[in-house]
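Colleague: I would like to learn how to read a model like this one. Please take me through it feature by feature.

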Amino acid sequence: MTQTQVNNPDKRMILVCCGTGCLANGSGPVYEAFCHALEGNDQFEVETFAKATGCNGLCEKGPLVKILPDDITYCHVKEEDVSEIVEQTLLKGELVNRLLYRDPATKQYYRSHHDTNFYKKQHKVALRNIGEIDPTAVQDYLDRDGYRALKKAVKTMTPGEVVEEVLKAGLRGRGGGGFPTGLKWKACASTDDPQRYVICNGDEGDPGAFMDRSILEGDPHTVIEGMIICAYAIGASAGYIYVRDEYDLAVKNLICAIEKAKKCGYLGKNILESDLSFDIEIVRGGGAFVCGEETALINSIQGNVGEPWDKYVFPTEKGLWGHPTVINNVETWANVPVIVNFGAEKFASIGTEGSKGTKVFSLVGKVVNTGLVEVPMGTTLREIIFDIGGGIQNGRKFKAVQTGGPSGGCIPENLLDLPVDFDNLSQAGSMMGSGGLIVMDDRTCMVEVARYYVNFLASESCGKCVPCREGISLLLEILTRICEGKGTMEDLDLLESMSSTIQQAALCALGRTAPNPVLSTLKYFRDEYLEHINNHRCPSGVCKDLTEFYIDPELCTGCGRCRRNCPADAITGEKKKTHVIEISKCIKCGECINNCKFQAVKVK
Amino acid sequence: MKVTIDGIEIEVETGKTILEAAREAGIDIPTLCYSEAFGGQGVCRMCMVEVKTGNRKRFVASCTYPITGEIEVQTKTPELEEIRRNIITLLYRRAPNSDLMKKLYQDYSCSEVKGVDPEESCIMCRLCVKACEKVGANAISTVLRGTEKRVSTPFDEESPECIGCSACADTCPTGAIRVVEEGGRREIWHKSFEMLRCEKCGGYYSTLPVREHVTEQLELDYADDSLCPNCRRKKLAKEVAEVR
């Protein structure tokens, strides 16, 4: 399913990554510098352009600059590197070695990002255009099969055939629930109510998740095209894109894309001379995490408080303004044009039995290559974290990976070979969620992790139903107590009983999954809870009330790294002699243990 | 349509909620946020029941679940009892000052928890908000979110919409809404109202904005009639007797 490369030997293209990550690292001035250097420059043998693209995924190495058709990728490019790249690479055809990607493990340099482990194991479907096109140029999208799926659907397929195709592809919602997209469409299309709506859920709120943001920023047309195809399939006349207010660049690029799609006749009345008339409006979210839940999102669009309602009647029957509504997540929409273009079979050939296609993950935490990755469903966590992600930072030990956002669960090392798909993650007590992967090392206290996420949910619960609002508040109270060393064994029973009530009785999926961080850590890391309760000890040295550090004289080399990094001047020792921590001065920040290269700093 | 609730077969109209169907059949399901006047809210989750459709079993809130097909419902299972006990535990923890919660906490033999705020009586059932909405004033609503959520007027200030009818306080099952009536004035939700006096018995009975609101809503003319509900009933009864 690879797309035609923009690979014209008569032209040379400098693609500067201008996703939010790279922009934050200063790619804006890099792009400007390229434009400036190329403008009116007649020394080049071929026509040379600079282009600002969306996120390439390897945010850790940004700002990224790619040169086509030479297929050269430069990392950490600064404004002052631009003249060197122009001189060396563009004019002389030589590489600037120091800017090439260097494998953290093998120390080998790579000319193209395509050859690196980070990209080699990826399979880009939803992200196929991102980083390759200028998201503000509709022509770039058209050059890469853009709106071809829409034409195919409208000109050669009946609405029913489109629904069937999506159904056959086995596409499941990428926002968290994993509900079969085709079934949603079919249910909506079969209602009697002729007024139907299409909504794109872009209220990505999980901490550390940025897949939807990257798609909206880097390839807004694919989402728009997916929605128009759905409008044709189910007979909708209006669509809404609900996007986080904080996603400034995404909103800007979406507004631009909608305008251009209208000009091209893909939105508006009688699209492609058919009977289909469809328009899209952008609604900016108000900053509530719960509005990622579809009924809360609908309430928010309607101008009500963002609270969910019991979905015993699905939104496909009674949704926005009481009319049948299809809501899909950004990433789901991005897959739709691919399915229609290349056929359900081709799409379904990727992935596992129950989960077809690929999944985009935002790989963050204590992993070497932080960034956005897209892999076939069924790829193991080990491949994602160690092959693509390059393993754990600073040579530390892997402890757990948290999947599925704040209400996902923590998966331990013995499940690293679990092929990732919707069903496997649920069975492991976690969930796919929207695709956040937060990697944790041995310096992470799992009780504190559970407390951290429950604390997040305590302020992000909408507060409507009792089990979620009051239950989370109680979970937080108990977890805080355990982290302070004041927990009891009865507390563990209450944690489990309350968690199960929240799972069974809360109103929406956010509430019902809220105890996942607690239950999964209790399941896989119960010994840590017991250490906190029975021995008043935090084995990872995180909970301050239960931590005491010491230096093992057998292992200490007297390098002085801990002493220099200690902000409290609590470590003394002469060069090349054993160092000692003065307990009364120690503030338990963990800088010594984090910085020691010889694992000499220990937790008592 | 036929449904089975706790083994009893019942004929039900499509669209009716499980709670309505059960109550009509004399089966009691406990609730805290439900009122026939306002319908199901799905807020307190005390009315959770187990629904079996085909081979699938799940827990649903009976006050919002509309019956659209043949289902088998269980309203009292050990799992449901645990859910209800935990909900009471949670609400007692939130509102330890409420007599209702104190009683239920005992009745359900709940796990030991310490109340968060000893002065609190509100259980956030939102019946007050519903009552205010029904009256047509819409002066109060839930504010904030998460564990901070509570009922208030906008910005906790005196609301121009409040007519001082105290329907909110009358509906409240835990007496959590403060109404002070003193010296011919009623204070509620940061607002003070002069009270109307019954021209017959002399007792204080409502506020001027309430009389105006009712007159306007019902398109009636009570301009020169200022009677308390009690005296009005007596007057009406007398009039009816005279007509006969």
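**Reading domains, helices and a sheet**

Modeller: Start with chain B, where five residues of domain 1 are in contact with four residues of domain 2. Contact here requires C-beta atoms, placed from the backbone, within 7 Å. The model is predicted: local features need pLDDT of at least 70, side-chain atom pairs count only at pLDDT 80 or more, and totals for chains, interfaces and linings use all residues. Residues are numbered from 1 along each chain as its sequence is written, while chains are lettered from A and ligands numbered from 1 in the order in which they are written.

Colleague: Where do the domains of chain B begin and end?

Modeller: Domain bounds come from an automatic or database domain assignment. For chain B the assignment gives domain 1 (2-76) and domain 2 (127-243). Their centres, taken over C-alpha atoms, are separated by 33 Å.

Colleague: Which classes of residue make up the side of domain 1 of chain B that touches domain 2 of chain B?

Modeller: Learn the classes before the counts. Ala, Val, Leu, Ile, Met, Phe, Trp, Tyr, Cys and Pro count as nonpolar, Asp, Glu, Lys and Arg as charged, and the others, Gly among them, as polar. That side of domain 1 of chain B has four nonpolar, one polar and no charged residues.

Colleague: How is chain A divided?

Modeller: Chain A has domain 1 (11-120), domain 2 (143-348), domain 3 (358-441), domain 4 (446-534) and domain 5 (548-603). Take domain 2 and domain 4 of chain A: their C-alpha centres lie 34 Å apart. Their contact takes 10 residues from domain 2 and nine residues from domain 4. On the domain 2 side, five are nonpolar, two polar and three charged.

Colleague: How many residues does each chain give to the contact between chain A and chain B?

Modeller: Chain A gives 29 residues and chain B gives 25 residues. On chain A, helices H17 (446-460), H18 (466-483) and H19 (489-505) each supply at least two residues. Helices (H or I, at least four residues) and strands (E, at least two) are DSSP runs, numbered from the N terminus. H18(A) has the largest share, eight residues. The chain A side divides into 16 nonpolar, eight polar and five charged.

Colleague: How should I read a helix pair?

Modeller: Two packed helices are described by the angle between their axes and the distance between the axes. Axes are lines fitted to C-alpha atoms, for helices over the stretch in contact, and angles run from 0 to 180 degrees between N-to-C directions. H7 (residues 159-169) and H8 (residues 181-189) of chain A pack at about 150°, with axes 7 Å apart. H7(A) and H8(A) are therefore roughly antiparallel. The cut-offs: under 35 degrees is roughly parallel, over 145 roughly antiparallel, 65 to 115 roughly perpendicular, and the rest oblique.

Colleague: Which residues of H7(A) and H8(A) meet?

Modeller: Pro159(A), Val163(A), Val166(A) and Leu167(A) in H7(A) meet residues of H8(A) including Leu183(A), Trp185(A) and Lys186(A). By class, the contact has seven nonpolar, two polar and one charged.

Colleague: What is the angle between H2(A) and H3(A)?

Modeller: H2 (residues 27-38) and H3 (residues 82-91) of chain A cross at roughly 45°, and their axes come within 9 Å. H2(A) and H3(A) are therefore oblique to each other. Val30(A), Ala33(A), Phe34(A) and Ala37(A) in H2(A) meet Val82(A), Ser83(A) and Val86(A) in H3(A).

Colleague: What is the strand order of the open sheet in chain A?

Modeller: Strands pair if DSSP finds at least two bridges between them. The order of the four strands is S2-S1-S3-S4, with mixed pairing. S2 (47-53) and S4 (72-74) of chain A are the edge strands, each pairing on one side only. S3 (residues 65-68) of chain A runs antiparallel to S4(A), joined by three bridges. Lys66(A) stands opposite Thr73(A) in S4(A).

How values were computed. Two residues are in contact if their C-beta atoms, placed from the backbone, lie within 7 Å.
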